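User: Please take me through this structure by question and answer, for a reader who has not met it before.

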Amino acid sequence: MNDVLKNIEQIRSEALKAIENVTGAEALERIRVEYLGTKGRVTELTRSLGALPKEERPAAGQAANKAKVEITQAHKEALEALNAAKVSAPALDVTMPGRRPALGHRHLIPKTMDEICGIFAKLGLSIVEGPEVETDYYNFEALNFPHDHPSRDMQETLFVGDKLLLRTHTSPVQIRTMEKTKPPVWIVVPGKTYRRDDDITHSPMFNQIEGLVVDEGITMADLKGVLTAFASAFFSPDTKIRLRPSFFPFTEPSAEVDIACVLCGGHGCRLCKGSGWLELLGSGMVDPALYGFVGYDPEKVSGFAFGMGVDRAAMLKYGLSNIRHLYEGDLRFSRQF
Ligand code: DAH
């Protein structure tokens, strides 16, 4: 073998050995510059081939080229191995603390619903549910809203078909339950309700809890007793309530129930607009006309009913300024409860 070929072979084997024993990226880079850089040994070697006698050039050129390809390839593989090690090393670090999965919790609405239903359950009422798509009959007719009567205007209705609608309140479940059960009836009905209202205190989808108690000898005193017990359990132990005359087609007499303002305790403030009271729900004594629809004997039984906005109850209890906070899914809000 002539000197040139020997020299090429020496450079080749030195370079490959150096790359094989390399321990880090910086050392590898130094090797690359030493052999393959613009002034590197392989580069210089290739350049010097022009000075060789003509007959030696092809063999030397071929050998130099082969050496260059092998060194370049070895360098590339070493670099890849170093990078892979860099990525996989932390995964093998068993001493690192684990990543905590983000734990969610219940949203304020179902939480409030459970809380309210729980209070009534302790008072002896059972929980019943009904359909959200409802017929005109259960939502209005059997609740004593006569056809074309202005009382229907109180509830901006979303119709989904002829005589089919999204229930505007949970009251239809009063009829559905009485149809299926003989008295006594002691129930609460939680669920979603729908109306075409949309402002800072109204959302087109909202939640109600209906109450219905029909038994022998039920009077308005029972209504007031049950709701007073509820207000002290849900808000605070000495929360006062008051009944204000009102109108609903399915109760007679009807009453709006207010609680003493949760902010000022009844002295008058901005929240209660100076009145000292906050409106909480609608209620009344079941209108005997309803018993005609379900086959109950109005001479034997009497009852009371009430309907409460859950969103509203949550707003009052937690001092929320805008009902939309409940539906926007903003974690900064939801995490507070
Ligand atoms: N369903 C009524 C509404 O959504 C609320 C209501 C009032 C329910 C009086 C009742 C009740 O059960 O007795 O406007």
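User: How many nonpolar, polar and charged residues does the shell around the ligand have?

Analyst: Ala, Val, Leu, Ile, Met, Phe, Trp, Tyr, Cys and Pro count as nonpolar, Asp, Glu, Lys and Arg as charged, and the others, Gly among them, as polar. By these classes, the shell is made up of four nonpolar, ten polar and two charged residues.

User: What kind of model is this, and from what number are its residues counted?

Analyst: Residues are numbered from 1 along each chain as its sequence is written, and side-chain values use heavy atoms, with hydrogens and water left out. Local features need pLDDT of at least 70, side-chain atom pairs count only at pLDDT 80 or more, and totals for chains, interfaces and linings use all residues, since this is a predicted model.

User: Which residues are the closest to the ligand?

Analyst: A residue is near the ligand if one of its heavy atoms lies within 4 Å of it. Of the 16 residues that surround the ligand, the closest are His 169, Ser 171, Arg 195, Gln 208 and Glu 210.

User: Which strands each supply at least two residues of that shell?

Analyst: Strands (E, at least two residues) and helices (H or I, at least four) are DSSP runs, numbered from the N terminus. Those that each give the shell at least two residues are strand E6 (205–215), strand E9 (277–286) and strand E10 (302–309).

User: How far is an oxygen atom of the ligand from a polar backbone atom of Phe 306?

Analyst: A polar contact is a pair of N or O atoms within 3.5 Å; within protein, one must be able to donate a hydrogen and the other to accept it, and residues adjacent in sequence count only if both atoms are side-chain atoms. The side chain of Ser 171 has a polar atom 2.9 Å from a nitrogen atom of the ligand, and an N or O atom in the side chain of Gln 208 is 2.9 Å from a ligand oxygen. For the backbone of Phe 306, the distance to an oxygen atom of the ligand is 3.3 Å.

User: How much of the ligand's own accessible area does the protein cover?

Analyst: Accessible area is computed by the Shrake-Rupley method with a 1.4 Å probe. On its own the ligand has 350 Å² of such area, and the part covered by the protein is 93%.

User: Is Thr 239 buried or exposed?

Analyst: Thr 239 is found in the loop between helix H8 (220–234) and strand E7 (241–248). A polar atom of its side chain lies 2.7 Å from the backbone oxygen of Ser 236. Buried means under 20% relative accessible area, exposed over 50% and partly exposed in between (1.4 Å probe, protein chains only). Because its relative accessible area is 10%, Thr 239 is buried.

User: How far apart are the C-alpha atoms of Ser 203 and Ile 323?

Analyst: Ser 203 is placed in the loop between E5 and E6, and its relative accessible area of 11% makes Ser 203 buried. Ser 203 and Ile 323 are 120 residues apart along the chain, and their C-alpha atoms are separated by 7.1 Å.

User: How far is the C-alpha atom of Ala 51 from that of Glu 210?

Analyst: Ala 51 belongs to the loop between helix H3 (41–48) and helix H4 (57–88), and is exposed because its relative accessible area is 72%. Ala 51 and Glu 210 are 159 residues apart along the chain, and their C-alpha separation is 103 Å.

User: Which residue does a cis peptide bond join to Pro 253?

Analyst: Most residues other than glycine have a negative phi, and most peptide bonds are trans. One cis bond, with omega about 5°, joins Pro 183 and Pro 184; Pro 184 lies in the loop between helix H7 (172–180) and strand E5 (185–194). Pro 253 is located in strand E8 (residues 251–260). The cis bond to Pro 253, with omega about -5°, comes from Glu 252.

User: What is the phi of Lys 273?

Analyst: Asn 144, in the loop between helix H6 (136–139) and strand E3 (159–161), has a positive phi near 75° although not a glycine. Lys 273 sits in the loop between E8 and E9 and, at 76% relative accessibility, counts as exposed. Lys 273 is not a glycine either, yet its phi is positive, about 50°.
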